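Open the model in your viewer and keep the selection panel at hand. The stops below go from the ligand outwards.

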Amino acid sequence: MEETSAAVLKNTAELEAFRIKYLGTKGAMKDIFDAFKEVPNENKKEYGQLLNVLKSHVEQVFNQHKEALENLDEGAVHDFDLSMPGIPLDIGARHPINIIKNEMIEIFARIGFSVAEGPEIEDDWHNFTALNTPEDHPARDMQDTFYINKNTLLRTHTSPVQIRLMETQAPPIRVITPGRVYRNETISARAHCTFHQVEGLYINDNVSFADLKQTLLYFAKEMFGQKVEIRLRPSFFPFTEPSAELDITCFICDRKGCPVCKGSGWVEIGGCGMVDPSVLENCKIDHEKYTGFAFGMGIERITLLKYGIDDIRLFYENDVRFLKQFTS
Ligand code: PHE
């Protein structure tokens with residue numbers, strides 16, 4: 001019994017050999033049945049019962065193997081050619097936005113920034129008012145907003161995550177806040193109604209504008225190459241003072257002037273500044289004791305530049321021919 005249970009039958013030829021060996025007209029079962037004649041009469045009953053158990057067991061093993069091989073037959077793969085090349089698995093690629101986002105997270109992690117996330121559906125306080133942009137403030141027009149109701153909206157930037165952190169944590173705070181944001185803009189090759197940002201915040205005692213500049217320079221060199229330089233142009237954001245626009249030297253034409261930098265040799269990649277004391281106050285952080293800087297960059301913009309892509313809409317169309325080109 002054990003011998004038949006342990007049999008390994010890989011194909012129909014082996015199945016047939018098994019049948020002949022145990023169940024055939026000259027097989028083992030036949031011999032055992034023949035021996036029945038020699039069994040003394042008083043033992044015949046017991047021997048006969050055992051014989052029947054054995055026979056039905058062997059038949060059952062045979063039928064199980066037969067069925068298994070027939071199932072295999074349906075797939076017609078019972079004879080493997082191990083030298084044949086395998087069927088390649090179509091491995092997915094990471095989305096380019098994710099590749100760049102992860103790269104940005106890694107770069108900032110190396111200089112001590114951790115990652116924080118927050119809700120995409122925000123309230124007015126966190127997205128605007130706490131960021132020194134009360135209702136009727138003209139700066140609200142800088143970001144066209146999708147309102148859900150008067151007080152609820154799709155966040156227009158990831159700055160509200162920073163407000164949530166400052167409200168709940170004591171300085172020092174050193175975080176970046178990657179995430180998706182929404183703006184009611186006409187969709188074109190350069191703009192979309194949804195995109196991604198990485199914003200950063202550092203609050204501590206004695207944080208200076210020089211710290212901000214050095215942080216951004218470190219990021220630009222790690223991201224775009226050691227030759228890259230940065231430039232800060234005076235600008236305005238309600239939540240930072242002073243504020244600046246962040247440009248990097250065009251690494252595509254090496255500052256000579258090309259269509260990407262429109263001949264200027266510089267491309268803009270984000271905004272930044274020193275956190276306005278009134279924002280700290282809104283979050284109950286002592287602005288006499290602490291200062292901080294903040295910056296914000298669009299991941300799409302950086303991805304377009306890094307890969308030389310000229311249409312932002314490609315990121316959201318999920319065309320596999322486009323997506324397949326990116327590996328991480
Ligand atoms: N929140 C700004 C925006 O989305 C970017 C920014 C962040 C600017 C931090 C300055 C400081 O436009």
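The tour starts at the ligand and then moves to the sheet and its helices.

This is a predicted model, in which local features need pLDDT of at least 70 and side-chain atom pairs count only at pLDDT 80 or more, while totals for chains, interfaces and linings use all residues. Residues are numbered from 1 along each chain as its sequence is written, and side-chain values use heavy atoms, without hydrogens and water.

Select the ligand and its shell (residues with a heavy atom within 4 Å of it). The shell has 14 residues, and the closest are H157, S159, R183, Q197 and E199.

Next, show the side chains of H157, S159 and E199 and look for polar contacts (pairs of N or O atoms within 3.5 Å). A ligand nitrogen lies 3.0 Å from a polar side-chain atom of H157. For S159, the distance from a side-chain N or O atom to a ligand nitrogen is 3.1 Å; for E199, it is 2.8 Å. Of the 330 Å² of accessible area that the ligand has on its own, the protein covers 92% (Shrake-Rupley method, 1.4 Å probe).

Now colour β10 (291-298), which gives the most to the shell, with 3 residues. Strands here are DSSP runs of E, at least two residues, and helices are runs of H or I, at least four.

Widen the view to the open, mixed sheet, whose 7 strands run in the order β1-β5-β6-β10-β9-β8-β7; strands pair if DSSP finds at least two bridges between them. Its edge strands are β1 (114-115) and β7 (230-237).

Finally, select residues 240-249, strand β8, which pairs antiparallel with β9 over 8 bridges. S243 has G273 in β9 as its bridge partner.

Definitions and conventions. A polar contact is a pair of N or O atoms within 3.5 Å; within protein, one must be able to donate a hydrogen and the other to accept it, and residues adjacent in sequence count only if both atoms are side-chain atoms.
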